[in-house]
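Dear colleague,

Please find below the structure that I am handing over to you. My notes on it follow, arranged by topic.

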Amino acid sequence: MLSSQELVWLLAAVAKADRAAFERLYAATRAKLYGVVLRILRRQDLADEVMQETYLKIWNSAGQYNPALASPITWMVAIARNRAIDLVRKKTEVSIEEESDVIEAAAADTPDPLAKREMTEELRRLLACMGRLDEERRRLVLFAYYGGWSREQLAAKFEKPVNTIKTWLRRALMEIRECLGS
């Protein structure tokens, strides 16, 4: 993968409709984004559809990217993740009853085929921070960000109001950020 600085440069070039820069950006980021999308959708055909929409959105929105707000890969992952979650909500293919699938997928020791690289230090730190959360908050974060569950689905699952779920998620993310030192 290219460095963050190189990705910033490529996004700036894509904002100017540079097709060669877009091809390089795609080649450098497609595996990461596809892994995120596939993990949420669990269907290759739907993941392919979302990837096409994601890169179209990146092409059209590259001029709006602000490196002061997020790293390029974080910005692109957010676009991909949001597109995938929108599709899940639209097609209602992920239900509350599939809790065991989300937990099993999150706990699986076997890495994703696209992620055959060794676990990065950043991921190790994140997992350690997740381990510090109490069980209920850890499950909430996994369902929300790993499983792509909506706040409404989480509220139904945890039998709490949506605003409580939003607060719990915000606090859990603050704890994780504090633990990571960011």
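**Findings**

In this predicted model, the side chain of R125 comes within reach of the backbone oxygen of L180, at 2.4 Å. R125 is placed in helix α6, which covers residues 121-132. Although R125 and L180 are 55 residues apart in sequence, their C-alpha atoms are 6.8 Å apart in space. R125 counts as partly exposed, because its relative accessibility is 37% and that class runs from 20% to 50%.

**The disulfide**

Helix α6 also takes part in a covalent link. In general, a disulfide is a covalent bond between the sulfur atoms of two cysteines. The structure holds one disulfide, and it joins C129 to C179, with an S to S distance of 2.0 Å. C129 belongs to helix α6 and C179 to helix α9 (residues 162-180), so the bond ties together parts that lie 50 residues apart in sequence. What is the handedness of this disulfide? The torsion about the S-S bond is about -80°, and the disulfide is therefore left-handed.

The two cysteines may also be described by their accessibility. C129 has a relative accessible area of 4% and is therefore buried. C179, at 27% relative accessibility, counts as partly exposed.

**The chain as a whole**

The protein chain has nine helices and zero strands. Read from the N terminus on, its elements run α-α-α-α-α-α-α-α-α. Of its 182 residues, 35% count as buried. The accessible surface of the chain comes to about 11,300 Å², and carbon and sulfur atoms account for 50% of it. Among contacts between residues at least 6 apart in sequence, 64% join residues at least 24 apart.

**Helix α1**

Helix α1 covers residues 4-15, and its length can be checked by a short calculation. At 1.5 Å a residue, its twelve residues should span 16 Å, because the expected span is 1.5 Å times one less than the number of residues. The C-alpha atoms at the two ends are 16 Å apart, which agrees with that expectation.

Which residues of α1 are buried? They are L7, L10, L11, A13 and V14. These residues cover an arc of only 160° around the axis, so they lie on the same side of α1. A general rule helps in reading such a pattern: an α-helix has 3.6 residues a turn, so residues three or four places apart point the same way. On the other side of α1, Q5 and W9 are exposed.

**Two residues with positive phi**

As background, most residues other than glycine have a negative phi. A17, which follows α1, has a positive phi near 65°, although A17 is a residue other than glycine. A17 is placed in the loop between α1 and α2 (19-41). Its relative accessible area is 46%, so A17 is partly exposed.

R42 likewise has a positive phi, of about 60°, and is not a glycine. Where does R42 lie? R42 is found in the loop between α2 and α3 (44-61). With a relative accessible area of 35%, R42 is partly exposed.

Yours sincerely,

A colleague

Note on methods
Residues are numbered from 1 along each chain as its sequence is written. This is a predicted model: local features need pLDDT of at least 70, side-chain atom pairs count only at pLDDT 80 or more; totals for chains, interfaces and linings use all residues. Side-chain values use heavy atoms; hydrogens and water are left out. Helices (H or I, at least four residues) and strands (E, at least two) are DSSP runs, numbered from the N terminus. Buried means under 20% relative accessible area, exposed over 50%, partly exposed in between (1.4 Å probe, protein chains only). The arc is that of the directions from the helix axis to the C-beta atoms. Contact means heavy atoms within 4.5 Å. Accessible areas come from the Shrake-Rupley method with a 1.4 Å probe; for residues, only the protein chains shown count as cover. A polar contact is a pair of N or O atoms within 3.5 Å; within protein, one must be able to donate a hydrogen and the other to accept it, and residues adjacent in sequence count only if both atoms are side-chain atoms. A disulfide is a pair of cysteine sulfur atoms within 2.5 Å.
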